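Visitor: I would like to learn how to read the features of a model, beginning with how strands are paired.

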Amino acid sequence: MTSSFSQLAFDPLLDDPETRVLVCCGSGGVGKTTTAAALALRAAERGRRVVVLTIDPARRLAQSLGLRELDNHPREVVVEGFEPKGELFAMMLDMRRTFDDMVLTHAGRDRADQILSNPFYQTISSSFSGTQEYMAMEKLGQLVAQDEWDLIIVDTPPSRSALDFLDAPQRLSTVLDGKFIRMLSAPARASGRGLLKIVGTGFSLFTRAVSTIVGGQLLQDASTFVQAFDSMFGGFRERAQRTYELLRSPGTGFVVVAAAEPDALREASYFVERLSSEGMPLCGLVANRTHPVLAADLPAAKALAAADDLDRSGEAPLAAAVLRLHADRVAVADREKRLLARFTRAHPGVSLVGVPALPADVHDLDGLREIGRRLAGE
């Protein structure tokens, strides 16, 4: 954007064999999916074996890569005319399938069947708050463990807050290990003596009240689920911790994506501070869809004054319109520069690259390739 910003250099990062995981994060609607796909494409064309994991249910990644659809397993991008030096694979998270796989890994077959068929499990595995974010990290852990790719690029879930992505593993673990959930397993722990004898009349009245609100069958399903899940819970927590440590490892890098807008940059600022406090490696900020002035160095005020003169004279109405458009573009560019300057003053150590907006949405490999060039500062 301007020389005052420390330029984020992506090509050395993509080429470095020590870079094994890149996590693209930020608030919703800022272009994380496109950024992740463009970086993956560029890395593959520069010779690395890459897999990109998207969480975007809109399937835009599949379309832009020339694929009809993506699923929960990496699929190689083989498109006519696409002959990278490396290899490119892509996949889209299936949250329920990933949760099922995790249960099968940590529980025996009989116990796994009992959990997978439980209605309460079927509910939390598809709609529980934080499940999608946790399963994204679970899938990342699986990909790293397979050790089949030089580079894994993750497009994080479109959360209300980008911080949800870091909090999800601990939050989901805490909820499933929380007092209320544990109380649901009390009947089994009572060794047949009955809940009333163990925890008293007060809790019995409480469970009746809950049964009235959520339904007795759901409460029974939840209790049955917790009893079955209990044996694999230690593995669940251990896996969550292992994934968290992966995010802090030297081979991982976070790329924060933001629009040059106050809310998006405020969210990016929170995320940068959180990454710093957690000791997680930050590569830098992508200021996406910016509007630099590429035409003659004509200030907005002079452009507007010239347009007014032309309007008064009645001459060259097209030129006057162009001058007004230029003035508007300069005003937008100046506003974006001020916002980004404020961000860099608050975070002087964060490198930044501005990615100018394209005239049309990205929908194919050529569009992703162009985004990749702009990310590389070309």
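Guide: Start from a single pair: in β4, glutamate 76 has phenylalanine 89 as its bridge partner. The model is a predicted one, in which local features need pLDDT of at least 70 and side-chain atom pairs count only at pLDDT 80 or more, while totals for chains, interfaces and linings use all residues. Residues are numbered from 1 along each chain as its sequence is written, and side-chain values use heavy atoms, with hydrogens and water left out.

Visitor: In which sense do strand β3 and β4 pair?

Guide: Two strands pair if DSSP finds at least two bridges between them, and strands themselves are DSSP runs (E, at least two residues), as helices are (H or I, at least four), numbered from the N terminus. Here β3, residues 75–76, pairs with β4 in the antiparallel sense over 2 bridges, whereas β2, residues 49–54, pairs with β4 in the parallel sense over 6 bridges. In β4, alanine 90 stands opposite valine 52.

Visitor: How many residues of strand β4 are buried?

Guide: Buried means under 20% relative accessible area, exposed over 50%, and partly exposed in between, with a 1.4 Å probe and protein chains only. Of the 6 residues of β4 (residues 87–92), 5 are buried, so this strand is largely enclosed by the rest of the structure. Across the chain of 378 residues, 49% count as buried.

Visitor: Which residues touch the most other members of the largest nonpolar core?

Guide: A nonpolar core is a set of buried Ala, Val, Leu, Ile, Met, Phe, Trp, Tyr and Cys residues joined through side-chain atoms within 4.5 Å. The largest one has 91 residues, and those touching the most other members are Phe10, Leu65, Leu88, Ile153, Leu285 and Val286. Helix α2 (residues 32–45) gives the most to this core, contributing 8 residues. Leaving aside residues up to four places away in sequence, Leu88 is in contact (heavy atoms within 4.5 Å) with residues including Ala40, Leu41, Ala44, Val50 and Leu65.

Visitor: Which residue in the loop between α7 and β5 has a positive phi although it is not a glycine?

Guide: That residue is aspartate 147, with a phi of about 55 degrees, in the loop between α7 (131–146) and β5 (151–155). Aspartate 147 is exposed, at a relative accessible area of 55%. Arginine 289, also not a glycine, has a positive phi of about 55 degrees, but its place is in strand β7 (residues 282–290), and arginine 289 is partly exposed, at 40%.
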